[in-house]
Amino acid sequence: MKFTFAARPDGTPDAMAFAVGKDGLSALQLPLEQSVLITTAAAAARFEGKTGQTFQTFVSEGDDVVQIILTGIGSGKRQDMETAGGAIIAKLMTSGARHLAISGQGLKADQTARLAFGAKLRTWRIDKYRTTMPENQKPTLEAITVLDDDLGSSKGWQDLSAVADGVSLTRELVSEPANVIYPESFVARCEELKDLGVEISVLGQDEMEKLGMGALLGVSQGSVRPPRMLAMRWDGTGGAQKKPLALVGKGVTFDTGGISLKPPGGMEDMKWDMGGAGAVAGTMKALAGRKAKAHVVGICGLVENMPDGNAQRPGDVVTSMSGQTIEVINTDAEGRLVLCDALHWTQETFEPEVVINLATLTGAIIVSLGNEHAGCFSNDDSLSEKLLDAGKNAGDPLWRFPLTAAYDKQINSPIADMKNVGGKGAGSITAAQFLQRYIQDGVKWAHLDIAGMVWADKPGPVWDKGATGFGVRLLDQYVADNFE
Ligand code: BES
Ligand code: MN
Ligand code: ZN
């Protein structure tokens, strides 16, 4: 979507959007001939300026008919503005309107920027595989003019625009089917980050074998698609920040469960079992895109989990790169097997001070939190607080879970150092305990179980149904708050 910034629209737009705060309707004066008609009609339709509420009508302006959309911004805070921007696009994307002007009238520059950010986030969609879409379902919106000519060149907007581009990359990686996005092609899609100054390095299967990544390779061995370990580095500090922040993502490009095969109903969802890796890639794009003054590495453990004559079996014992051995009780608990080698390699290679991993790790986290929060597990109270704060402010909410020795005990194995599943209850916590066994002394670590957040069955404030891009806005905010 093309966003331009100007004092006046170029020609007459098909639609004009205005932001209205709670109880702001009565005082509203629009720069339109029929301002009074519009505000009277909106009041009659019970439009009150509540966040996300909209009122649409058509008026004549000179010889033209223009669609007017009032969008409620409530108290006008950051998330109100984003929600309002998203609401405009949700109404207009396929409405027939081609050129939309969004007015900054009555708003501060940062409010207009957030309104435009919400709009930009909400325009993302994936139509490339639809060849017979009915004419009236096709998106019509082509151009958006934000009526604030200073905003376009401001750092505020440029940073937000870069974050939205990062979110788009995540949504794209998550939405693509598993015959298109697999470990090698995931890496190929991320090559574009080089243009932004991101350094990229990749481990292939041979190198991972030499490093002894037996846990990750055990998951991968049933697939004809070779695994990859992708490392992306962004240093916006010119070497000043020695120890990087490390972001580590689970990138299971398809999870059949392996020999512990999943039931067929809903298995297609497992194309988004790389949502953690997708969030890491999108965050790297956002950070590099806005030239964040931070040193960050993004690591994606990329494999496909398939049943096959060569697939690993329940009961197999594998040796992870750390030397710790694992009894694979259930081949469907594969995310932790991928992550344990990715986490160990990350700590050995980059010596990070803080490690945050993201994973669609357990169905149990959806039982606990539904689709409203991701689970946060951490060995550090302050890190956890910072992440929860960042999530709340950015619109990617987290909820913290406990980690204790009693849960940890559940993954002891009679034959190896640990097994890859715990007891009947607390499945998300025992999964986190497993990961914690790979975190080295002195490293601050958090694990975010995002299984309930990556994909939405219904539209949200700034996304349509489908891939949400969860994690990018959160991590970008965390970096901005704590490293810049
Ligand atoms: N990728 C799944 C978790 C998942 C389930 C994500 C549903 C999104 C929606 C993970 O690999 C998995 O299969 N976990 C198992 C663990 C169990 C075997 C201990 C699960 O949650 O059932
Ligand atoms: Mn699984
Ligand atoms: Zn999985």
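Is Lys-291 buried or exposed? I begin with that residue, and I should say at once that we are looking at a predicted model. Lys-291 turns out to be exposed, because its relative accessible area is 59%, and the cut-off for that term is over 50%. As for its setting, Lys-291 sits in the loop that runs between helix H8 (275-289) and strand E10 (295-305), and although it is not a glycine, its phi is positive, at about 50 degrees.

A second residue can be described along similar lines. Arg-46, again a residue other than glycine, has a positive phi, near 65 degrees, and its place is the loop between helix H1 (35-44) and strand E3 (54-61). With a relative accessible area of 70%, Arg-46 is exposed.

Let me turn now from the loops to the pockets, and in particular to the second largest pocket, which holds about 630 Å³ of space. Where does the second largest pocket lie with respect to domain 1 (2-149) and domain 2 (161-482)? Both domains contribute residues to its lining, and therefore the pocket lies between them. That lining is made up of 23 residues, and those that lie nearest the centre of the pocket are Arg-125, Ile-126, Asp-127, Asp-464 and Lys-465. If we divide the lining by residue class, we find 10 charged, 9 nonpolar and 4 polar residues.

To draw this together, we have two exposed loop residues with positive phi, Arg-46 and Lys-291, and a pocket that lies between domain 1 and domain 2.

Terms used:
Residues numbered from 1 in each chain as written. Chains lettered and ligands numbered in written order. Predicted model: local features only at pLDDT ≥ 70, side-chain atom pairs only at ≥ 80, totals over all residues. Heavy atoms only, no water. 1 Å grid on protein atoms, 1.4 Å probe; cavity = no way out; pocket = protein on both sides within 12 Å on 5 of 7 lines; lining within 4 Å. Points joined across faces, edges and corners; volume = space filled by probe spheres on them. Nonpolar A, V, L, I, M, F, W, Y, C, P; charged D, E, K, R; others polar. Domains from an automatic or database assignment. Helix = DSSP H or I, 4+ residues; strand = E, 2+ residues; numbered from the N terminus. Buried < 20%, exposed > 50% of the residue type's maximum accessible area, 1.4 Å probe, protein only.
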